[in-house]
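Please look over the sequence and the model shown here before reading on. The text after them walks through the fold and some of its side chains.

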Amino acid sequence: MKELSVVGGGVIGLSVAWRASARGHRVTVYDPEPGRGASWLAGGMLAPVTEAWPGEEDVLTLGEASLRRWPDFARDLAEEGVDPGLSPYGTLVAALDSADAGHLEMLAAYLTELGREVELLTGREARRAEPGLAGSVRSGLLVPGDLAVDNRRLLRSLEHACGRHGVEFRRETVTDLEHLRGDVVLAAGAWTGRLHPALADAVRPLKGEILRLRPRRGCLPSPKRTVRAMVEGRPIYLVPRDDGGLVLGATQYEAGFDETVTVRGVRELLEGAERVFPGIAEYELVETAAGLRAASVDTMPFIGELGEGVFAATGHHRNGLLMAPVTADAAVAWLDGGPLPDEVAAAAPSRRSEERV
């Protein structure tokens, strides 16, 4: 049995703590508000295919490797006592104009060439799949293999599982690693760059705003699957919840560590979503919030040893929830002295020094 200190109690840190403690290691999680932060505000999409773009093949490979782990990961969590709420309904990407339609055709061709399952739909077929879509939707791309998860149920599930295996929670902010016990996993999201010199210029905060909506009596129900679109160049996603609610996101700003919700951000999200799914105009606006994603310099996370008993698990950008299983597997493999999963090789922190050379 080893002693492990996990800095950060978001989805990555909690996943590492759960998996490590379940293997018999003694784990302490340091976070002033475990189960909050960016993970609490996530949309919950587990969608490496619809996030894919030429030139980011390594990110797609890593995302798909983690997606394949998700059904077992969710099942194991449910067996610990709290179901994380995994949804198997896939993603529908909607195109509102000819430029968007052309983009979907390019994405479909690219993904088909890579052997991924996708289906191009006409506007009518897209509305048949999701009856609430606007009549102006010209075409769609159906990605049946994508999943989604209720992020807040997931966090509660992870906290419960950690508790079952004796994880200790220290509600404090770590500013240096000198007094931590045992090996260390750095999973403090956007703040990780402040904790180790190798990550100081490699991980930065990227602000995103989300809204939570709920249909009122007589409103059209939320879509069954995740709906994504580009509206005037801005990405929009609508992710349904089992209780009928809807998570709407996400703006994206370079704003340092600012976590305020702006009028512009709320307006852009609502206007964009209403063009895609007009029925939300009558929904109740339940929550507005902003969080800080941990963005890396090249969209690939940092997963691997930094030296001297310190392991990086950060910089996941939009994919923290998606990549939690593979990141946790890598951290536990490192802790146990075994080889890391092959798919995380491209995420090694050493790539930064190699790029400089």
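The paragraphs below take up the record, then the two sheets, then one arginine, and then the aromatic rings.

This is a predicted model, in which local features need pLDDT of at least 70 and side-chain atom pairs count only at pLDDT 80 or more, while totals for chains, interfaces and linings use all residues. Residues are numbered from 1 along each chain as its sequence is written, and side-chain values use heavy atoms, with hydrogens and water left out.

According to the UniProt record, an unreviewed entry, residues 6–333 carry the annotation "domain: FAD dependent oxidoreductase". UniProt positions are given here in the numbering of this model, feature names are shortened, and annotations may be inferred rather than shown by experiment. Helix makes up 32% of this span and strand 27%, and its end C-alpha atoms are 15 Å apart. Helices (H or I, at least four residues) and strands (E, at least two) are DSSP runs, numbered from the N terminus.

Consider the sheets next. Strands of a sheet pair through backbone hydrogen bonds, either parallel or antiparallel. Two strands count as paired if DSSP finds at least two bridges between them. One open sheet has 6 strands in the order 9-2-1-10-17-16, and its pairing is mixed. Strand 9 (168–170) and strand 16 (302–307) each have a single partner strand, so one side of each has no neighbour in the sheet. From one strand to the next, the twist averages 20°. Within this sheet, strand 10 and strand 17 run parallel and are joined by 3 bridges; Leu 186 stands opposite Ala 312 in strand 17. Helix 1 (residues 11–22) lies across strand 1 (3–7), strand 2 (26–30), strand 9, strand 10 and strand 17, and runs at about 165° to strand 1. Such angles run from 0 to 180 degrees between N-to-C directions, and the axes are lines fitted to C-alpha atoms, for helices over the stretch in contact.

The other open sheet to consider has 8 strands, ordered 6-7-5-12-13-14-11-15, again with mixed pairing. Its edges are strand 6 (119–122) and strand 15 (284–296), each of which pairs on one side only. Neighbouring strands here are turned against each other by 25° on average, direction ignored. Helix 4 (residues 98–113) packs on this sheet and touches strand 5 (91–95), strand 6, strand 7 (139–143) and strand 12, its direction making about 30° with that of strand 7. Contact here means heavy atoms within 4.5 Å.

Strand 11 has partners on two sides. With strand 15 it pairs in the antiparallel sense over 12 bridges, and Lys 207 stands opposite Leu 292 of strand 15. With strand 14, strand 11 pairs over 3 bridges, also antiparallel, and Leu 213 faces Leu 246 in strand 14. Strand 11 is mostly covered, with 10 of its 12 residues buried. Buried means under 20% relative accessible area, exposed over 50%, and partly exposed in between (1.4 Å probe, protein chains only).

Strand 12 (residues 226–231) pairs with strand 13 (residues 234–240) in the antiparallel sense over 5 bridges. Arg 228 is found in strand 12 and stands opposite Tyr 237 in strand 13. Is Arg 228 buried or exposed? Arg 228 has a relative accessible area of 12%, so it is buried. Leaving aside residues up to four places away in sequence, Arg 228 touches ten-odd side neighbours listed among them as Met 45, Glu 51, Val 93 and Tyr 237.The aromatic rings come last. Rings of Phe, Tyr and Trp (its six-membered ring) pair if their centres lie within 6.5 Å; planes under 30 degrees apart count as stacked, over 60 as edge-to-face and the rest as tilted. By this rule the model has 4 aromatic pairs. One of them joins Trp 191 and Phe 257, with 5.4 Å from centre to centre and 40° between the planes, a tilted pair. This pair links distant parts of the chain, 66 residues apart: Trp 191 is in the loop between strand 10 (183–186) and strand 11 (203–214), and Phe 257 in the loop between strand 14 (246–249) and helix 7 (263–276). Trp 191 is partly exposed at 34% relative accessibility, and Phe 257 is partly exposed at 32%.

The rings of Phe 311 and Trp 334 have centres 5.0 Å apart and planes at 35°, so this pair is tilted. Phe 311 belongs to strand 17 (residues 310–314) and Trp 334 to helix 8 (residues 320–336), 23 residues apart. Phe 311 is buried at 0% relative accessible area, and Trp 334 is buried at 13%. Trp 18, Trp 70 and Phe 73 form one aromatic cluster.

Two arginines also meet rings. A charge sits over a ring if NZ of Lys or CZ of Arg is within 6 Å of the ring centre and within 35 degrees of the ring normal. The charged end of Arg 36 sits over the ring of Trp 40, 3.9 Å from its centre, and that of Arg 351 sits over the ring of Phe 302, 4.1 Å from its centre.
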